[in-house]
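The following exercises ask the reader to work from a sequence and its structure, one step at a time. Each task is followed by a worked solution.

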Amino acid sequence: MIIDAHAHIFSSLSGFGADGELRPLKNGKAIWSTGEVIQLIPEEYGKTEFPVSSLLKLMDENSVDRAVLLQGGFLGFDNYGVLEAVRAQGDRLRGAFPLDPFCRNAEKILTHLLSEDIDAFKFEASTGCGLMGMHRSFPLDGEMMYRIYERLYGKVRTIAFDLGSPGDESHQTDAIRKIAEDFPSFNIVVCHLSSPRRNQDENLKRELELLRKDNVYFDTAALFWKTREEPYPFETARRYLKYALSIVGAEHLMWGSDAPSTLVHVPLSEQLDYAKGIFTEGEAEWYYHKTAEKVYF
């Protein structure tokens with residue numbers, strides 16, 4: 001079995017971040033409010049959308065059994081779309097609700113989300129397409145966020161954080177350790193293996209040691225993204241993955257694709273295969289499905 005622990009969907013693009021709105025153009029392109037045009041999904045998809053049907057087709061073509069929907073600012077929160085997808089495909093999909101704590105009616109939104117049958121939340125904190133791109137920077141272990149964690153505690157199993165890359169104001173690994181210690185029954189997920197850039201080997205090792213906790217897990221979605229000028233099999237990403245395996249163990253690692261945007265540069269087959277030879281058979285079972293099954297399913 002293979003579980004994609006970090007995927008996305010969108011039928012109506014509603015991205016927002018440091019560069020303002022992200023709105024669709026033709027042939028898989030999109031435009032930021034700054035005027036920058038990006039190739040958001042592969043051109044062959046045509047219309048700039050990636051609904052549940054497209055995700056399921058991609059999964060079937062690559063023998064991926066299940067997936068976790070981790071929406072954020074880049075494509076749009078779409079909590080209702082996630083809920084509909086999970087209801088319709090409950091045997092294959094799980095999801096996490098994103099929440100903007102700066103909404104005036106955040107408490108009302110949170111109360112409604114907690115009434116639904118999804119037991120995971122995601123906070124995309126990054127300074128690009130995350131909360132600290134849309135708002136001023138804030139402490140993830142501060143009073144505002146702790147009020148939310150306390151509301152969630154005992155009601156949801158898992159909280160995922162996208163911290164952005166080292167050096168960003170959102171990259172608060174000390175705060176993640178504190179949250180994990182103060183809320184020990186949460187599964188805490190750090191997305192993208194904390195998004196290390198090239199030549200950050202020693203920093204990554206320090207962060208992995210810092211976050212080596214029983215209730216902290218890492219997905220490795222788009223681990224090659226910051227080093228995408230490297231050809232397959234992405235030697236920097238492989239090296240980083242080996243560090244993670246040796247420090248936190250396969251039981252705390254999850255494979256993820258970050259589809260659909262990563263498909264512009266790297267086909268899913270290469271995303272699945274570049275870790276080949278790093279894991280033993282037993283470790284690969286944890287990396288490709290057992291950890292995600294434990295955390296999300």
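In strand 12, M254 is the bridge partner of D219. The model that shows this pairing is a predicted one, and the exercises below begin from it.

**Exercise 1. Determine how strand 11 is paired and covered.**

Task: In which sense do strand 11 and strand 12 pair, and over how many bridges?

Solution.
Step 1. Strand 12 consists of residues 253-254, and its pairing with strand 11 is parallel, over two bridges.
Step 2. The chain passes from strand 11 through helix 8 to strand 12, and these three elements make a right-handed β-α-β unit.
Step 3. Strand 11 is also joined to strand 10, by three bridges, and these two strands run parallel. Within this pairing, I188 stands opposite V216 of strand 11.
Step 4. Strand 10, helix 7 and strand 11 make a right-handed β-α-β unit as well.
Step 5. It remains to examine the two faces. In a regular strand the side chains alternate between the two faces of the sheet. In strand 11, V216 and F218 lie on one side, Y217 and D219 on the other, and all of them are buried. Both faces of strand 11 are therefore covered, given that buried means under 20% relative accessible area.

**Exercise 2. Place the strands in the sheet.**

Task: In what order do the eight strands form the open sheet, and which strands stand at the edges?

Solution.
Step 1. The order of the eight strands is 1-6-7-8-9-10-11-12, and the pairing is parallel.
Step 2. Strand 1 (3-7) and strand 12 each have a single partner strand, so one side of each is left without a neighbour in the sheet; these two strands stand at the edges.
Step 3. At one edge, strand 1 pairs with strand 6 (residues 66-70) in the parallel sense over three bridges. There, A67 in strand 6 is the bridge partner of D4.

**Exercise 3. Describe the surroundings of strand 8.**

Task: How many of the residues of strand 8 are buried, and which strands pair with strand 8?

Solution.
Step 1. Five of the five residues of strand 8 are buried.
Step 2. A120, K122 and E124 are on one side, F121 and F123 on the other, so that both faces are covered.
Step 3. Strand 7 is joined to strand 8 by two bridges, and the two run parallel; K122 in strand 8 is the bridge partner of P98.
Step 4. Strand 9 pairs with strand 8 in the parallel sense over five bridges, and E124 stands opposite D162 of strand 9.
Step 5. Strand 7, helix 3 (residues 106-114) and strand 8 make a right-handed β-α-β unit.
Step 6. Strand 7 (residues 93-98) also contains A96, which is buried with a relative accessible area of 0%.

**Exercise 4. Analyse three salt bridges.**

Task: Where in the chain do the partners of R197, K213 and R238 lie?

Solution.
Step 1. The structure holds 19 salt bridges. One of them joins R197 and D168, with the closest N and O atoms 3.7 Å apart. This pair links distant parts of the chain, 29 residues apart: R197 is in the loop between strand 10 and helix 7, and D168 is in the loop between strand 9 and helix 6. R197 is partly exposed, at 31% relative accessibility.
Step 2. K213 forms a salt bridge with E181, the closest N and O atoms being 3.3 Å apart. K213 lies in the loop between helix 7 and strand 11, whereas E181 lies in helix 6, 32 residues apart.
Step 3. R238 forms a salt bridge with E235 at 4.0 Å between the closest N and O atoms. Both residues lie in helix 8, three residues apart, about one turn of the helix.
Step 4. R238 is buried, because its relative accessible area is 13% and buried means under 20%. E235, at 45%, counts as partly exposed.
Step 5. Salt bridges that share partners join R177, E181 and K213 into one network.

**Exercise 5. Characterise the largest pocket.**

Task: What is the volume of the largest pocket, and which residues lie nearest its centre?

Solution.
Step 1. The volume of the largest pocket is about 880 Å³.
Step 2. Its lining has 35 residues, and F74, C129, W225, K226 and D258 lie nearest the centre.
Step 3. By class, the lining has eleven nonpolar, 14 polar and ten charged residues.
Step 4. Strand 5 (37-39) and strand 8 each supply at least two residues of this lining.

Conventions
Residues numbered from 1 in each chain as written. Predicted model: local features only at pLDDT ≥ 70, side-chain atom pairs only at ≥ 80, totals over all residues. Heavy atoms only, no water. Salt bridge = Lys/Arg side-chain N within 4 Å of Asp/Glu carboxyl O. Helix = DSSP H or I, 4+ residues; strand = E, 2+ residues; numbered from the N terminus. Buried < 20%, exposed > 50% of the residue type's maximum accessible area, 1.4 Å probe, protein only. 1 Å grid on protein atoms, 1.4 Å probe; cavity = no way out; pocket = protein on both sides within 12 Å on 5 of 7 lines; lining within 4 Å. Points joined across faces, edges and corners; volume = space filled by probe spheres on them. Nonpolar A, V, L, I, M, F, W, Y, C, P; charged D, E, K, R; others polar. Pairing = 2+ DSSP bridges. Right-handed = clockwise from strand over helix to strand, strands pointing away.
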